[in-house]
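Subject: A structure for you to explore

Hello,

Here is the structure I promised to hand over. Please open it beside this email and look up each residue as you read.

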Amino acid sequence: MLCCGAGISSGLLAQQTRKAMKKRGLDATVEARSESEVAEYYPYLSILLLGPHYASQQGEFAQQAESYGFPVAVVPQDIYGGLNGEALTDFILKTLEEHKQA
C-alpha cells in the first residue's frame, strides 16, 4: 500500500507498479490510499510505503504496524517523483527481503 495525502501521485505510481509487477509475473496488489485511510488496511498489508512527504512520520507508522509484522518504508524521492513503477517494484522486493532477514 502506498500512503500519501490526496492520492493522485501515489495512484499513478501504484498503477505503474502494478504494470511492472504484472510484466515480471508477480502476483501482487498495489493500492494507494490517503494517510487517513491506511490504518484500516493494516491487517491485510505486506508492506506500507510512504510518500517522501511523510518521511518524518515513518516512526509513528512503523510503531502502529509493529503488531501486524509488515515493514514501513519511505519511497525515495526519485522513484516517487518519476512515477517509476519498475524502480518501486525493485524497492519493494528489496525492502521485503531485508525485513524477512531481520
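One definition will help from the start: a residue is buried if its relative accessible area is under 20%, exposed if over 50%, and partly exposed in between. Leu83, with 29% relative accessibility, therefore counts as partly exposed. You will find Leu83 in the loop between helix 3 and helix 4. Its phi is near 50°, a positive value in a residue that is not glycine. Most residues other than glycine have a negative phi, so this is a nice spot to look at the backbone.

Please keep in mind that this is a predicted model. The mean pLDDT of the chain is 93, and 98% of its residues reach 70 or more. Among the elements, strand 4 (residues 72-74) has the highest mean pLDDT, 97, and strand 1 the lowest, 88.

**The nonpolar cores**

The largest nonpolar core has 16 residues, and those touching the most other members are Leu2, Leu13, Leu49, Val75, Leu88, Phe91 and Ile92. At least two residues of this core come from each of strand 1 (2-4), helix 1 (8-23), helix 3 (77-81) and helix 4. Apart from this core lies another one of 12 residues, including Cys3, Leu45, Ala65 and Phe70.

Which residues does Phe91 contact, beyond its neighbours within four places in sequence? They are Leu49, Ala73, Val74, Val75, Pro76 and Ile79.

**Two threonines**

Try finding Thr17 and Thr89 next. Thr17 is in helix 1, while Thr89 is in helix 4, which covers residues 85-101. Are they buried or exposed? Thr17 is buried, at 0% relative accessibility, and Thr89 is buried too, with a relative accessible area of 0%.

Leaving out neighbours within four places in sequence, Thr17 is in contact with Val30, Gly85, Leu88, Thr89 and Ile92. With the same neighbours left out, Thr89 is in contact with Thr17, Ala20, Met21, Arg24 and Leu26. A polar atom of the Thr89 side chain also lies 2.8 Å from the backbone oxygen of Gly85.

**The cysteines**

How many disulfides does a search of the whole structure find? The search finds zero. A disulfide is a covalent bond between the sulfur atoms of two cysteines. The cysteine sulfur closest to that of Cys3 belongs to Cys4, and at 6.7 Å it is too far away for a bond. Cys4 is likewise in no disulfide, its nearest cysteine sulfur being that of Cys3. Both residues are hidden from the outside in the sense defined above: Cys3 is buried, with a relative accessible area of 1%, and Cys4 counts as buried at 3%.

**Phe61 and Val72**

Phe61 sits in helix 2 (residues 58-65) and is buried, with a relative accessible area of 3%. Residues up to four places away in sequence aside, Phe61 touches Cys3, Glu35, Val38, Tyr42, Leu48, Leu50, Tyr54 and Val72. Phe61 and Glu35 are 26 residues apart in sequence, and their C-alpha atoms are 9.9 Å apart in space.

Val72, one of the residues that Phe61 touches, belongs to strand 4. At 12% relative accessibility, Val72 counts as buried. Its contacts, again without neighbours within four places in sequence, are Leu48, Leu50, Gln58, Phe61, Ala62 and Ala65. From C-alpha to C-alpha, Val72 is 9.6 Å from His99, which is 27 residues away in sequence.

**Aromatic rings and a last stop**

A search of the whole structure finds four aromatic pairs. Which residues form one aromatic cluster? They are Tyr42, Tyr68 and Phe70. Two of these names have come up already: Tyr42 among the residues touched by Phe61, and Phe70 among the members of the 12-residue core.

Finally, look at Gln77 in helix 3. Its C-alpha atom is 8.0 Å from that of Gly51, although the two are 26 residues apart along the chain. Beyond neighbours within four places in sequence, Gln77 is in contact with Pro52 and Gly82.

Enjoy exploring, and write back with any questions.

Best wishes

How values were computed
Residues are numbered from 1 along each chain as its sequence is written. This is a predicted model: local features need pLDDT of at least 70, side-chain atom pairs count only at pLDDT 80 or more; totals for chains, interfaces and linings use all residues. Side-chain values use heavy atoms; hydrogens and water are left out. Rings of Phe, Tyr and Trp (its six-membered ring) pair if their centres lie within 6.5 Å; planes under 30 degrees apart count as stacked, over 60 as edge-to-face and the rest as tilted. Helices (H or I, at least four residues) and strands (E, at least two) are DSSP runs, numbered from the N terminus. Buried means under 20% relative accessible area, exposed over 50%, partly exposed in between (1.4 Å probe, protein chains only). A polar contact is a pair of N or O atoms within 3.5 Å; within protein, one must be able to donate a hydrogen and the other to accept it, and residues adjacent in sequence count only if both atoms are side-chain atoms. Contact means heavy atoms within 4.5 Å. A nonpolar core is a set of buried Ala, Val, Leu, Ile, Met, Phe, Trp, Tyr and Cys residues joined through side-chain atoms within 4.5 Å. A disulfide is a pair of cysteine sulfur atoms within 2.5 Å. pLDDT is the predictor's confidence in each residue, from 0 to 100.
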